[in-house]
Amino acid sequence: MSHLRHCLIVAGWEFRRYFKWKDQIIGLIFFLGISGVWYGVAKVLQGRGRTITVAVVDMNLQAPPSGRLEFVSAPPTDSARIEGLRAGDLDGVLSRGRDGTFDLLVEQDPRYQAELQALLNAISQGERLGASGLSPQDLAAINAPAPLDVRFTDPTRQQTGTAEKIIAGVLIGVMLISVFTSMAYLMTGIAGEKQLRVTESVVSAISPQAWIDGKVIGLTAYSLTGIVNLALGGLVVGISAKLATDFAIPKIAIRPGIVLVIAVVAILGMILWNCFFAAVAATIDDPNTSTRSSMLMLPAIPVGLAVVVFRDPDSLLSHLLAVFPLTSAPALPARMVLSNPGIVEILASLLLLIGAIWLTRRVAGRIFEVGMLLYGKEPSWREIARWVARPTT
Amino acid sequence: MQAAIQVDRIIKRFGSRAAVDQLSFDVQRGEVFALLGPNGAGKTTVVRMLVGIIRPDEGRIAVSLDQSTTSTLPPEQTGYLPEDRGLYREVPVLRTLIYFGQLRGLTAGEANRRAHEWLERMSLMDRKNERLDALSKGNQQRVQLITAVMHKPTLAILDEPFSGLDPLSQEFFLDLVQDLKAAGTTILLSAHQMDLVERAADRVLLMNRGREILAGSMSELRRHLDDRPRVRLTIEADGNTQAVREDADVEDVTVEEEEIHITLRPGASVPSFIARIVSLVPIRSIATEAPRLHEVFVRAVRNDDRKADS
């Protein structure tokens, strides 16, 4: 039977071991719950709650129609005003001194202060404008920023905006989550197989290389379903945020080619790290006591380094990180979103990543072959090096 | 008969210690061949080399299950029950069986059909959708055995198939071994349970310290190691055995309630011995005995250990 068929059987098995529709649905329900809470809280905060009544002294204020504020005439005496505040009939008493200073008398901390401040700012600004003889249009023209058009030598490139930066950050974050999710499952799965003594039954039927390849494929596929679920959840939360508030979902012109390259690079990066994890896990006898478990945190370093791209996508270091196989999976997508890497850089990155995967899976296969049958002790680094260097049959 | 497996002077070292040392044997097609030996004799190392999990440092293994000869066992034609047994405990029984069937070359549909057949045969059909860890240890062993034979292998390698089983399950497994043999499957087994091996095996190889110390059929082993005549007497409850012990031809006596197992000196005449004691001891029945495999095993290993120590 072919190596590929064995890989696919193992991949299917590993995927089904962990993928449960119930878990996926629970995950989505969780996001729906968050969205519901967000929606409800936003609506309450938006003034669907209690009206704020502010008594004004010798003033005629108009509350904006969409706000919570309501202005009424203040009682004639100070004692009546204080009584109104203490009884909860009034939330504040607003008066104005001769020098134009506003004074707000309250019983409790005024949570509506920002709303009131905006209204008073507009009143003050209008008064000062009238005194200066300028029209509102004149003021707008004075305050307008100097026009500046940024053009790139590559006419197809656009300047990075906040939305692009958010997307780049999300890509790096998702990559990190996926890598550590796979790591957790590979770690528990392989350690469990060693402890349950499943190994001999499997390696008598298929090659250790087919086993590790299948595991890596299966768990990478499982991690991808996690990403899809996360994306669906994010979409649900985004839509609910849009419905509940005036949150504007940023419009970003995403080119399908870039999406494809980003997806391929991200998947290859996960495969590379999963090969590494499988090899390390095969050398660990007991995950609870092994000092080698700390090695599983290594992916945090290159993923962390990829933040450099986020800050300065066109620096020399960013170029290098986007090509170096251990960092290219988070760094290249970030550069593709924030900058405009050339086709040579993309191809070099992909080829180096594929080469690194081939090498890592071969090394991992050799470590896995011996490590999976080693019970009760952890091999030294020298022993591991010997396993890797030994001739193949 | 043609050899299914030929092992030629294989050596396997772990560090400076030779776990298997210049071992040669062959397993004929259709026979039940047993590897025996004390703990640490190297049986499991031999089995692992045969299955291809580890490689011999020296020597050659030739496998000929059909027309071709190879150096490794083809997984589709081989069934393997490892000594270190284990399956995925959190996975339902049927799914586990289908997976291992597929790994051994069956399609998913065929693996499903065969799994159902075997579950029926093992009286586990009503447990097929339960997680493996919901089953008793004996039933888990049965599931493990199904994974080893459900693809109808030409050769089944069973490492300690009887260990950890109660007597009824041991009998069940023994019947299964005999059924597999009747169906033409070549079987190589390693075991400690001498009485069961004695009943199942056509030929035996006894190992100690990684080397062969005895090999052959059961009758050849007995003849080779112990040609002293043996007699079993059943006596009356109040019978005195002193006269038996004092007979000049008697070398060893073991009394088990009303049964006396007597070993005579080499060359002693059984009829003469019986004629002498029949008037001295109240005897209900007399039978001659062959040495049991257990005794052959113990004596051979002790002899080998003595030789090695000296």
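## Questions about a predicted two-chain model

H12(A) and H14(A) are oblique to each other. With that in mind, here is a friendly walk through this predicted model.

Q: At what angle do H12(A) and H14(A) pack?
A: The axes of H12(A) and H14(A) lie 8 Å apart. Angles of 65 to 115 degrees would be roughly perpendicular, and those under 35 degrees roughly parallel. This pair fits neither class and is therefore oblique. The angle is about 45 degrees.

Q: Which residues of H14(A) meet His319(A), Ala322(A) and Val323(A) in H12(A)?
A: Sorted by class, the contact of H12(A) with H14(A) has four nonpolar, two polar and one charged residues. The H12(A) side consists of His319(A), Ala322(A) and Val323(A). Facing them from H14(A) are Glu345(A), Ala348(A), Ser349(A) and Leu352(A).

Q: Which helices of chain A do the buried residues of H12(A) pack against?
A: H12 of chain A covers residues 316-323, and its buried residues are Ser318(A), Leu321(A), Ala322(A) and Val323(A). These pack against helix H10 (300-305), helix H11 (307-311), helix H13 (325-338) and helix H14 (343-371).

Q: Is His319(A) buried or partly exposed?
A: His319(A) sits in helix H12 of chain A. A residue needs 20 or more other C-beta atoms within 10 Å to be buried. His319(A) has 18 such neighbours, so His319(A) counts as partly exposed.

Q: How many Å separate the C-alpha atoms of His319(A) and Leu260(A)?
A: Along the chain, His319(A) and Leu260(A) are 59 residues apart. In space, their C-alpha atoms are separated by 20 Å.

Q: How far apart are the C-alpha centres of domain 1 of chain A and domain 2 of chain A?
A: In the domain assignment of chain A, domain 1 takes in 3-37 + 158-389, and domain 2 runs over 51-134. The distance between their C-alpha centres is 57 Å.

Q: Which helix gives the most to the largest nonpolar core?
A: The largest nonpolar core has 139 residues, and those with the most contacts inside it are Ala278(A) and Ala34(B). The greatest contribution to this core is 16 residues, from chain A. Those 16 come from helix H9 (residues 256-282).

Q: Which residues does Ala34(B) touch, leaving out those up to four places away in sequence?
A: Ala34(B) is one of the residues with the most contacts inside the largest nonpolar core. Its partners beyond that sequence window are Leu189(B), Ala191(B), Val197(B), Ala201(B) and Val204(B).

Q: How many residues does the other core, with Val231(B) and Ile260(B) in it, have?
A: This core lies apart from the largest one. Among its members are Val231(B), Leu233(B), Val244(B) and Ile260(B). Its residue count is nine.

Q: Which helix of chain B gives the most to the side that touches chain A?
A: The contact takes 21 residues from chain B and 16 residues from chain A. The chain B side divides into eleven nonpolar, four polar and six charged residues. Four residues of this side come from its main contributor, helix H2 (residues 93-103).

Q: What percentage of the residues of chain B count as buried?
A: Chain B has ten helices and 13 strands, and its C-alpha atoms fill a box of roughly 70 × 45 × 35 Å along the principal axes. Of its contacts between residues at least 6 apart in sequence, 69% join residues at least 24 apart. Among its 310 residues, the buried share is 38%.

Q: How many Å separate the centres of domain 1 of chain B and domain 2 of chain B?
A: The domain assignment of chain B places domain 1 at 3-223 and domain 2 at 227-290. Taken over C-alpha atoms, the separation of their centres is 41 Å.

Q: Is Glu160(B) buried or exposed?
A: Glu160(B) is found in the loop between strand E6 (155-159) and H5 of chain B. Glu160(B) has a positive phi of about 50 degrees although it is not a glycine. With 20 C-beta neighbours inside 10 Å, Glu160(B) reaches the cut-off of 20 or more. Glu160(B) therefore counts as buried.

Q: Is Gly184(B) buried or exposed?
A: Gly184(B) belongs to the loop between helix H5 (167-182) and strand E7 (186-190) of chain B. A residue with 12 or fewer other C-beta atoms within 10 Å is exposed. Gly184(B) has 10, so Gly184(B) is exposed.

Definitions and conventions
Residues numbered from 1 in each chain as written. Chains lettered and ligands numbered in written order. Predicted model: local features only at pLDDT ≥ 70, side-chain atom pairs only at ≥ 80, totals over all residues. Helix = DSSP H or I, 4+ residues; strand = E, 2+ residues; numbered from the N terminus. Contact = placed C-beta atoms within 7 Å. Core = buried A, V, L, I, M, F, W, Y, C linked by C-beta atoms within 7 Å. Nonpolar A, V, L, I, M, F, W, Y, C, P; charged D, E, K, R; others polar. Domains from an automatic or database assignment. Axes fitted to C-alpha atoms, helices over the stretch in contact; angles between N-to-C directions. Parallel < 35°, antiparallel > 145°, perpendicular 65-115°, else oblique.
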